[in-house]
Amino acid sequence: FRFKDSLAEELQRADLVISHAGAGSCLETLEKGKPLVVVINEKLMDNHQLELAKRLHRDGHVLYCTCSNLVETLQAMDFSTLKPFPPGQPEKFALFLDKVVGLQ
Amino acid sequence: TGGHTTEILRLLSCLSESYSPRHYVFADSDKMSEAKILAFEQKRAEKFSKSQFTLDRIPRSREVRQSWTSSVVTTLYSILYSLPLIYKLKPDLILCNGPGTCVPVCLSALLLGLLGIKRAIIVYVESICRVETLSLSGKILYYFSDYFIVQWPDLKEKYSKSVYLGRMV
């Protein structure tokens with residue numbers, strides 16, 4: 001398929017996700033607790049996509065490779081080394097905002 | 001646009017009923033945000049009795065990687081639309097998270113504040129994608145926002161006036 005409104009169903013059924021470094025794709029996958037391999041396309045990417053992928057990799061949440069070493073990465077992959085990704089907390093934003101506007 | 005809309009809707013997810021009415025402003029070229037916003041507001045209407053919101057479009061202020069000089073021109077063009085819109089809406093609070101659209105909106109609000117017409121509190125939340133560097137909108141609004149929130153500690157270190165609350169989306 002080209003574009004779907006949501007990949008939530010496919011994600012739910014997947015055992016492994018191989019994705020580009022887009023934030024939406026990475027975060028949605030990690031939130032569903034699926035193992036993720038992020039593929040960086042150095043030719044296409046602008047640096048800012050790389051920042052999040054690098055950080056997630058540094059924190060031990062994803063595996064990470066380029067198009068050229070994808071095969072080796074998949075062959076050698078060991079997901080037991082990956083750490084679970086805690087969800088973001090929008091409640092913190094709500095609390096902060098309540099103080100800002102004087103609701104607290 | 002897409003990712004920004006998803007993020008900001010997540011940020012809005014825990015806000016109380018006091019934050020009403022909500023006025024969503026997005027780029028005219030954006031095809032997907034409207035559906036996401038409507039879905040969000042529909043869910044919200046199930047929880048809270050009434051859901052007051054509006055949708056407004058302004059010309060897109062900047063394409064990805066558009067040159068600096070032409071961006072100034074296109075942003076000024078967007079301000080021609082955002083200024084009457086913000087004057088009409090007179091918001092108390094502006095929440096934005098980095099798409100080019102937020103620059104003309106915030107600059108319009110600042111102008112109205114300077115003219116003594118309406119002073120809005122501007123809260124900027126940098127996208128979760130920004131771990132080490134700020135977006136262009138962020139670099140601009142770091143100086144013009146009332147509260148500038150970042151979601152990664154590296155940015156808090158680099159930008160001392162920013163607020164770090166941890167990862168929120």
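**Exercise 1. Describe the open sheet of chain A, starting from one bridge.**

Step 1. In strand E2 of chain A, A:Val38 is the bridge partner of A:Ser19. The model is predicted: local features need pLDDT of at least 70, side-chain atom pairs count only at pLDDT 80 or more, and totals for chains, interfaces and linings use all residues. Residues are numbered from 1 along each chain as its sequence is written, chains are lettered from A and ligands numbered from 1 in the order in which they are written, and side-chain values use heavy atoms, with hydrogens and water left out.

Step 2. E1(A) and E2(A), residues 36–40, pair in the parallel sense over three bridges. Two strands pair if DSSP finds at least two bridges between them. Strands (E, at least two residues) and helices (H or I, at least four) are DSSP runs, numbered from the N terminus.

Step 3. The open sheet has three strands in the order E1-E2-E3 of chain A, with parallel pairing. Its edge strands are E1 (17–19) and E3 (63–66) of chain A; each pairs on one side only. From one strand to the next, the twist averages 25 degrees.

**Exercise 2. Do the same for chain B, then place a helix on the sheet.**

Step 1. Four strands of chain B form an open sheet in the order E3-E4-E5-E6, with parallel pairing. The edges are E3 and E6 (163–164) of chain B.

Step 2. E5(B) and E6(B) run parallel, joined by two bridges. B:Ile149 stands opposite B:Val163 in E6(B).

Step 3. Helix H5 of chain B (residues 136–144) packs on the sheet and touches E3, E4 and E5 of chain B. Contact means heavy atoms within 4.5 Å. The direction of H5(B) makes about 145 degrees with that of E4(B). Axes are lines fitted to C-alpha atoms, for helices over the stretch in contact; angles run from 0 to 180 degrees between N-to-C directions.

**Exercise 3. Characterise the interface between the chains.**

Step 1. Chain B brings 30 residues to the contact and chain A brings 29 residues.

Step 2. The buried area is about 2600 Å², with 64% from carbon and sulfur atoms. This is the accessible area (1.4 Å probe) that two parts lose on being put together, summed over both. In chain B, B:Tyr19, B:Cys129 and B:Arg167 lose the most area to chain A, together 22% of what that side buries.

Step 3. Three salt bridges link chain B and chain A. Each needs a side-chain nitrogen of Lys or Arg within 4 Å of a carboxyl oxygen of Asp or Glu. A:Glu31 forms a salt bridge with B:Arg10; their closest N and O atoms are 2.6 Å apart.
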